[in-house]
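Trainee: I am new to this structure and would like to learn how to read it. Could we take it feature by feature?

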Amino acid sequence: MLKIRSVDIAVSTILLAVGIAQLIGGYTMDRLEVRHIPPASFPGLLPIVLGIAMTIVAGLQLIGLLRSRDGDDERRASGMVTREELVRLSGLIALCAIYAIVLVGRIHFWVASSLFVATFILVFEFSPGMPRRAMIITIARALVIAIVFGGAVSYLFEDLFLVRLP
């Protein structure tokens, strides 16, 4: 079994590294001055902003974890990650991998994103023994959210950020 604090420190460190890498990657992207693109709309602006936000949040989380004592985790008596939580995390990683490796680039981006969101909601909201009415509501809610999200993300990136999506 893994200690929750150890997992939190590892995840915070990884997210901090990803945030810094994203910040650097966004900063080193081409500026497109040759095409007279205004400086405030260069392609790396969004990755820089997201990298800064991720770095700040992960850094604050890591500082808080390092300042806390090992026994401060009062959320559960054992302070350990359960097998069920590891299975759910593995499922989440598999779902994200399928989205990124299999769906994106093979079907329209908005369809891939809608399928990902709907599947995510259904996988993590369904529970054994769920009443039929609650199941139908969950399915309907997942479909509506997925379609709205897929369309909104596509519109945001293609029309507002002028990013060509796969």
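Trainee: Let me start with S154. Which residues is S154 in contact with, leaving aside its neighbours within four places in sequence?

Mentor: First, keep in mind that this is a predicted model. To read contacts, skip the close sequence neighbours and see what remains. For S154, that leaves F109, W110, D159 and L165. S154 itself lies in helix α5.

Trainee: Is S154 buried or exposed?

Mentor: Look at the relative accessibility. Buried means under 20%. S154 has 9%, so S154 counts as buried.

Trainee: What does the polar side chain of S154 lie beside?

Mentor: Look for a polar partner. A polar atom of the S154 side chain lies 3.1 Å from the backbone oxygen of G150.

Trainee: Now S114. Where is S114 placed, and which backbone oxygen lies 2.9 Å from its side chain?

Mentor: Use the same steps. S114 sits in helix α4. Its relative accessibility is 9%, so S114 is buried. A polar atom of its side chain lies 2.9 Å from the backbone oxygen of A146. Beyond its neighbours within four places, S114 is in contact with A146, I147 and G150.

Trainee: Let me step back. How many helices and strands does the chain have?

Mentor: Count the elements, then read their order. The chain has five helices and zero strands. From the N terminus, the order is α-α-α-α-α.

Trainee: What share of the contacts joins residues 24 or more positions apart?

Mentor: Take the contacts in the chain with a separation of 6 or more. Residues 24 or more positions apart account for 68% of them.

Trainee: What should I know before I look for a core?

Mentor: In soluble globular proteins, nonpolar side chains tend to be buried together. Now the case here.

Trainee: Which residues make up the largest nonpolar core?

Mentor: There are twelve: L95, Y99, L103, F109, A112, F116, V117, A118, I121, A142, A146 and V153. Next, ask which helices they come from. Helices α3 (83-103), α4 (109-125) and α5 (132-160) each supply at least two residues of this core. The largest share, six residues, comes from α4.

Trainee: Can we zoom in on one core residue? What does F116 touch?

Mentor: Again, set aside residues up to four places away in sequence. F116 then touches L95, C96 and Y99.

Trainee: And A112: buried or exposed?

Mentor: A112 has a relative accessible area of 0%, so A112 is buried. A112 lies in helix α4. Leaving aside neighbours within four places, A112 is in contact with Y99, L103, V104 and I107. Then compare sequence with space. A112 and G150 are 38 residues apart along the chain, yet their C-alpha atoms are separated by 7.8 Å.

Trainee: How many salt bridges are counted?

Mentor: Look for oppositely charged side chains that meet. The count comes to one salt bridge. E125 pairs with R141, and their closest N and O atoms are 3.6 Å apart.

Trainee: Which parts does the pair of E125 and R141 tie together?

Mentor: Place each partner. E125 lies in helix α4 and R141 in helix α5, so the pair ties together parts 16 residues apart in sequence. Check the exposure too. E125 is partly exposed, at 41% relative accessible area. R141 is also partly exposed, at 35%.

Trainee: Let me try I139. Which residues does I139 contact, leaving aside neighbours within four places in sequence?

Mentor: I139 is in contact with L122 and F126. I139 lies in helix α5. With a relative accessible area of 34%, I139 is partly exposed. I139 and F126 are 13 residues apart in sequence and 9.1 Å apart in space, C-alpha to C-alpha.

Trainee: Now the outside. Which residues form a nonpolar patch on the surface?

Mentor: Search for nonpolar side chains that are accessible and grouped. Here they are I52, I56, V57, L60 and I63, with about 480 Å² of accessible area together. Take I63 as a sample. I63 is placed in helix α2 (residues 45-67). Its relative accessible area is 45%, so I63 is partly exposed.

Trainee: And for the whole chain, what does the accessible surface come to?

Mentor: Finish with the totals. The accessible surface is about 11,800 Å², and 70% of it belongs to carbon and sulfur atoms. Buried residues make up 21% of the 166 residues in the chain.

Methods: Residues are numbered from 1 along each chain as its sequence is written. This is a predicted model: local features need pLDDT of at least 70, side-chain atom pairs count only at pLDDT 80 or more; totals for chains, interfaces and linings use all residues. Side-chain values use heavy atoms; hydrogens and water are left out. Patches are made of residues with over 30% relative accessible area and no salt bridge: like charges are joined within 9 Å, nonpolar side chains (Val, Leu, Ile, Met, Phe, Trp, Tyr) within 5 Å. Accessible areas come from the Shrake-Rupley method with a 1.4 Å probe; for residues, only the protein chains shown count as cover. A salt bridge is a side-chain nitrogen of Lys or Arg within 4 Å of a carboxyl oxygen of Asp or Glu. Helices (H or I, at least four residues) and strands (E, at least two) are DSSP runs, numbered from the N terminus. Buried means under 20% relative accessible area, exposed over 50%, partly exposed in between (1.4 Å probe, protein chains only). A nonpolar core is a set of buried Ala, Val, Leu, Ile, Met, Phe, Trp, Tyr and Cys residues joined through side-chain atoms within 4.5 Å. Contact means heavy atoms within 4.5 Å. A polar contact is a pair of N or O atoms within 3.5 Å; within protein, one must be able to donate a hydrogen and the other to accept it, and residues adjacent in sequence count only if both atoms are side-chain atoms.
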